[in-house]
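Visitor: I'd like to walk through this model and ask how its labels are earned. Can you set each value against its rule as we go?

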Amino acid sequence: MTRRYAFVGLGNRAQMYVDALLGDWSDTGEITALCDLNQTRMDYYNQLITAAGHQAVPTFTPDAFDALLERADVVVVTTMDSTHAHYVCTALDAGRDVVVEKPLTIDAESCERIADAAERNPGQLIVTFNYRYSPRNSAVRQAIADGRIGDVTSVHFEWALDTIHGADYFRRWHRRKHESGGLLVHKSTHHFDLINWWLAASPQLVFSQTDLRFYGSEAAGAELAGGARPERGQGSPGLGSDPFILDISVDPKLKALYLDAEHEDGYIRDQDVFAEGVTIEDNMAVLVRYDNRALLTYSLNAHSPWEGYRVTFNGTKGRLELEVVERAWTPPHAAIDPTAASKSLAEGVSERLVLQEHWKQAEEIEIPQGEGGHGGGDRLLLNDVFRGPDNDPLARQAGYRDGIRSVLTGVAANESARTGAPVLLTDEGTKLAARN
């Protein structure tokens with residue numbers, strides 16, 4: 001049986017799901033409605049729909065969201081993070097299923113609202129954590145579940161965002177913490193979810209320190225860039241000589257979705273990363289204790305010369321190490337971040353998973369590869385979203401409780417950095433403990 005899918009939030013993130021329903025998953029459902037603040041962006045997606053041989057679908061502004069629900073069985077939410085809770089709860093209360101991009105939301109109050117709505121309604125709520133489906137991350141889950149290193153006692157997780165990808169968060173609306181929750185919520189939700197899923201455990205205590213050291217108007221990067229800065233990339237002089245200036249006019253998709261659309265809502269996609277108004281951090285260090293007594297040390301840096309991550313698991317029977325290079329270096333004049341699907345092994349991407357049991361030589365675990373983004377992981381995610389998980393032994397499909405656990409780890413880390421005190425989580429990591 002095909003289902004009716006409506007989309008709310010028609011920025012870049014929506015296209016993976018739209019393309020799926022127009023392509024390999026077209027037999028599972030049809031797109032029946034679009035909702036966004038910006039008509040130009042909705043028109044862009046209707047052009048994709050008609051180019052695939054379908055009729056253009058009705059478009060709705062956010063104040064007409066209830067009317068959109070009449071045309072949907074499932075609502076796909078890819079709006080600004082701070083608005084997720086409103087659309088998720090409204091759709092669930094209307095009896096619809098919901099697919100929501102990570103992070104589920106950005107604060108504890110919204111987590112409670114979503115949990116209440118999910119528990120009082122029969123609709124399914126799926127949070128799309130595509131990193132779970134990446135074959136290398138699935139291989140880690142399998143090795144730990146098989147008991148190869150025994151009980152995990154500690155984890156060290158280092159994530160490096162380069163000056164292509166990392167910088168981009170400081171151009172967009174993500175640069176404002178009240179809209180994104182900062183990188184500890186928006187980006188690290190991926191990483192905290194991986195730890196929860198890998199360990200089959202829940203966070204109990206969080207302590208962190210954060211800082212803005214490179215981006216923004218008063219940090220080190222602004223001094224290195226030097227001189228007067230343009231307010232935005234488009235139309236600025238010297239575009240070819242500054243690696244931090246993004247010219248969205250040269251990318252057809254970014255031009256259509258943002259440059260050609262900004263006359264409607266005033267959203268500027270190519271803000272200067274060293275301008276005023278940055279309220280998120282670019283260096284973060286977090287300690288987490290889990291309910292199975294495992295300890296996590298986690299770091300995130302958003303101005304690295306390369307992109308990737310290293311994660312090490314120490315266990316009672318041995319050690320497991322995963323090292324991933326997603327981009328080996330950043331060309332000086334490449335401000336547009338390529339999609340994950342374009343990062344091929346030939347471009348310097350590498351991944352290595354090594355297991356060493358006590359009193360044995362290390363062995364490298366083979367990582368299977370699929371087609372598409374994240375080593376084939378994106379296709380597996382889309383298959384779960386549109387066809388169902390089909391008794392997945394790795395339990396990769398994430399529900400609202402998984403989304404809440406990952407969000408609240410980041411929320412607790414932000415609160416700890418603000419107060420200088422550790423923050424407790426209760427109810428299997430789904431609530432912040434009341435402060436005295």
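Guide: Sure, starting with a rule: two strands pair if DSSP finds at least two bridges between them. Keep in mind that this is a predicted model.

Visitor: What makes S8 and S15 a pair, then?

Guide: The cut-off is at least two bridges, and S8 and strand S15 (residues 423-426) have two bridges, in the antiparallel sense. So by that definition they pair. One place to look is Leu205, whose bridge partner in S15 is Leu424.

Visitor: How do you know that S8 also pairs with S9?

Guide: Same test: at least two bridges are needed, and eight bridges join strand S8 (residues 203-211) to strand S9 (residues 283-290). They count as paired, then, and these strands run antiparallel. Thr210 stands opposite Met284 in S9.

Visitor: Why are H10 and H15 called oblique?

Guide: The axes of helix H10 (residues 188-199) and helix H15 (residues 400-419) cross at roughly 120° and come within 8 Å. Roughly perpendicular covers 65 to 115 degrees and roughly antiparallel starts over 145, with the rest oblique. The angle fits neither class, so H10 and H15 are oblique to each other. The crossing is right-handed.

Visitor: Which residues in H10 and H15 meet there?

Guide: From H10 come Thr189, Phe192, Asp193 and Asn196, and they meet Asp402, Arg405, Ser406, Val407, Thr409 and Gly410 in H15. Sorted by type, the residues of this contact are two nonpolar, five polar and three charged.

Visitor: Why are S3 and S6 called edge strands?

Guide: Look at the open sheet of six strands, ordered S3-S2-S1-S4-S5-S6 with parallel pairing. Strand S3 (59-60) and strand S6 (125-128) each have a single partner strand, so one side of each is left without a neighbour in the sheet.

Visitor: How do you know that S1 and S4 are paired in it?

Guide: Four bridges join strand S1 (residues 3-8) to strand S4 (residues 74-77), and the rule asks for at least two. They run parallel, and Ala6 has Val75 in S4 as its bridge partner. Helix H2 (residues 39-51) packs on the sheet, touching strand S2 (29-35) and S3, and its direction makes about 160° with that of S2.

Visitor: What radius of gyration does the protein have, and how does that compare with a compact globule?

Guide: For 436 residues, a compact globule would have a radius of gyration near 22 Å; the protein has 21 Å, so the two agree. The C-alpha trace spans about 65 × 60 × 55 Å along its principal axes, and the protein has 15 helices and 16 strands.

Note on methods:
Residues numbered from 1 in each chain as written. Predicted model: local features only at pLDDT ≥ 70, side-chain atom pairs only at ≥ 80, totals over all residues. Heavy atoms only, no water. Axes fitted to C-alpha atoms, helices over the stretch in contact; angles between N-to-C directions. Parallel < 35°, antiparallel > 145°, perpendicular 65-115°, else oblique. Left-handed = near helix turned anticlockwise from the far one by under 90°. Contact = heavy atoms within 4.5 Å. Nonpolar A, V, L, I, M, F, W, Y, C, P; charged D, E, K, R; others polar. Rg over C-alpha atoms; globule rule 2.2 N^0.38 Å.
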